[in-house]
Amino acid sequence: MSTDNGNTIKRRVFLQGASLVAAGLAFKPLRSQAAETEAQDFANGTRELVAYPQKRPLMRITARPPHLETPFSVFNESVLTPNDAFFVRYHLANIPASIDADNYQLQIKGLVDKPLALSLSELKALGKTVEVVAVNQCSGNSRGYGSPRVFGAQLGNGSVGNARWTGIPLKAVLEHAGVQAGAKQVTFRGLDHPVLPTTPEFVKALGIDLALSDEPMIAWAMNATDIPFLNGYPIKLIVPGYFGTYWVKHLSEIEVIDHTFEGYFMEKAYRVPDNDCQCVPPGTVPDKTRPIGKLKVRSFITSLQPGDKVNVNEPVTLKGFAFDGGHGIQSVEVSEDGGRHWQLAVLGESLGNYSFREWTLQWQPREKGKVGLQVRAKGGQGEQQPVKALWNPSIYVKNNIETTPVTVV
Ligand SMILES: Nc1nc2c(c(=O)[nH]1)N[C@H]1C(S)=C(S)[C@@H](COP(=O)(O)O)O[C@H]1N2
Ligand SMILES: [Mo]
């Protein structure tokens with residue numbers, strides 16, 4: 001696919017400020033006909049590859065609002081997911097078409113001593129700039145591979161990405177406003193809105209302890225440059241270790257409240273069974289649910305894709321990544337015999353406990369035929385991936401051991 005056209009338009013978008021309408025492009029892909037598709041090995045898993053402003057061609061799940069997945073081969077390029085390949089998820093179709101950074105305001109209100117309306121430069125001047133490399137993963141990542149299947153976007157494995165985020169601790173901003181006694185939660189909203197007044201706004205809430213802990217951050221840079229428009233320009237909430245649903249984009253309003261927030265996206269959506277495994281027997285309904293929380297340990301092979309061929313007796317370097325909810329990765333292992341024997345992989349440089357961790361392993365296929373290469377990781381606190389997928393009615397938090405079928409020839 002030619003990228004020339006994409007680059008020209010991309011430049012224009014930058015020149016005119018971060019604006020999706022700059023070239024009359026709002027909601028429209030750069031190419032109206034997708035020339036290429038990417039297949040995934042579950043029913044109806046084939047996606048058009050479509051380029052949006054500031055993005056290379058990505059797998060389109062929905063057009064309005066834009067919902068784009070990263071083609072899995074991208075994860076073999078680098079441990080940090082390139083900004084132009086990072087997945088995009090929105091819930092409401094009325095997304096901002098252009099944003100004027102000079103007049104941007106972040107409001108902090110509710111149970112605070114001093115309500116604030118901060119410009120971007122005031123926000124940046126409020127405290128010390130911090131950085132974290134952290135995984136943003138959608139709760140429903142890999143849902144398309146689940147069984148029995150459920151409603152909702154049929155996501156492959158590409159609704160995840162790893163980036164270096166630069167910003168200011170959320171805590172510094174809240175402390176500046178002065179959180180008052182009785183605060184129980186903090187809510188976050190962005191600039192996107194529903195099309196119909198009856199559709200609930202996308203508002204998320206964190207408990208006050210988490211909001212005032214060291215990790216959550218208001219970021220203005222992603223991999224050392226502006227956050228791409230579709231990923232939340234100009235500022236986005238980063239909650240390292242937690243699912244992407246809390247990472248509110250185009251963050252515009254923070255409110256400290258004295259109760260548990262009851263909005264749709266906390267009370268009805270993004271909930272998991274209220275038990276240790278966050279699971280129920282497939283096809284059943286949990287008695288009790290709670291808001292989704294932290295990422296569970298996962299690992300993938302990226303250097304081989306399902307169906308690839310390798311030569312017998314020729315060594316290959318297997319490569320991939322692993323991550324967990326913030327305790328780091330203890331070990332990664334690979335099996336070529338259905339899980340009877342496991343070989344320890346070599347871990348790459350650590351970019352911090354919230355980051356993807358690269359792993360490699362020299363493998364010499366010794367027999368011709370089909371092989372299911374399995375990979376499993378152990379998280380920093382010893383947690384392991386289940387052999388069989390756990391299930392819940394939204395297929396959230398999927399983290400079973402992955403198998404990549406290849407043929408030795
Ligand atoms: N403003 C806003 N922020 C949002 C959302 C949204 O719909 N609107 N979706 C959330 C969900 S569910 C996910 S998975 C992440 C995706 O982040 P990304 O689009 O930058 O990849 O954004 C989160 N933040
Ligand atoms: Mo999500």
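The following exercises, each with a worked solution, concern a predicted model of a protein chain with a ligand.

**Exercise 1. The two domains**

Determine which domains the chain is assigned and how many residues each brings to their contact.

Solution.
Step 1. Begin with the assignment: domain 1 covers residues 1-269, and domain 2 covers residues 298-408.
Step 2. Locate the domains relative to each other: their C-alpha centres are 28 Å apart.
Step 3. Turn to the contact itself, to which domain 1 brings 32 residues and domain 2 brings 24 residues.

**Exercise 2. The area between the domains**

State how much area domain 1 and domain 2 bury between them, and which three residues of domain 1 supply more of its share than any other three.

Solution.
Step 1. A general point comes first: the size of an interface is often expressed as the accessible area that is lost when the parts come together.
Step 2. For domain 1 and domain 2 this buried area is about 2,400 Å², and 63% of it lies on carbon and sulfur atoms.
Step 3. On the side of domain 1, Phe 72, Asn 76 and Val 79 account for 23% of the area buried against domain 2, more than any other three residues.

**Exercise 3. The character of the interface**

Find how many salt bridges and how many polar contact pairs link the two domains, then describe the side of domain 1.

Solution.
Step 1. Count the salt bridges between domain 1 and domain 2; the count is zero.
Step 2. Count the polar contacts across the interface: eleven residue pairs are found, with both residues at pLDDT 80 or more.
Step 3. Identify the elements of domain 1 that give two or more residues to the side touching domain 2: these are strand S7 (130-137) and strand S8 (160-169). Strand S7 gives the most, with five residues.
Step 4. Sort the residues on this side of domain 1 by type, which yields 14 nonpolar, 14 polar and four charged.

**Exercise 4. The surroundings of ligand 1**

Name the residues that come nearest to ligand 1, and give the polar distances from side chains to its oxygen atoms.

Solution.
Step 1. There are 19 residues around ligand 1, and those that come nearest are Phe 87, His 91, Asp 192, Lys 236 and Lys 249.
Step 2. Consider His 91: an N or O atom of its side chain is 2.8 Å from an oxygen atom of ligand 1.
Step 3. Consider Lys 236, where a polar side-chain atom lies 2.6 Å from an oxygen atom of ligand 1.
Step 4. Consider Asn 231, with a polar side-chain atom 2.9 Å from an oxygen atom of ligand 1.

**Exercise 5. Backbone features in loops**

Locate the cis peptide bonds before Pro 65 and Pro 148, and the positive phi of Ala 224.

Solution.
Step 1. Arg 64 and Pro 65 are joined by a cis peptide bond with omega about 0°; Pro 65 belongs to the loop between strand S3 (58-62) and strand S4 (67-69).
Step 2. The bond from Ser 147 to Pro 148 is also cis, with omega near -5°, and Pro 148 sits in the loop between S7 and S8.
Step 3. Ala 224 is not a glycine, yet its phi is positive, about 65°. This residue occupies the loop between strand S11 (217-222) and strand S12 (225-226).

Methods. Residues numbered from 1 in each chain as written. Chains lettered and ligands numbered in written order. Predicted model: local features only at pLDDT ≥ 70, side-chain atom pairs only at ≥ 80, totals over all residues. Heavy atoms only, no water. Domains from an automatic or database assignment. Contact = heavy atoms within 4.5 Å. Buried area = accessible area lost by both parts, 1.4 Å probe. Salt bridge = Lys/Arg side-chain N within 4 Å of Asp/Glu carboxyl O. Polar contact = N/O pair within 3.5 Å; in protein donor to acceptor, adjacent residues only side chain to side chain. Helix = DSSP H or I, 4+ residues; strand = E, 2+ residues; numbered from the N terminus. Nonpolar A, V, L, I, M, F, W, Y, C, P; charged D, E, K, R; others polar. Near = heavy atom within 4 Å.
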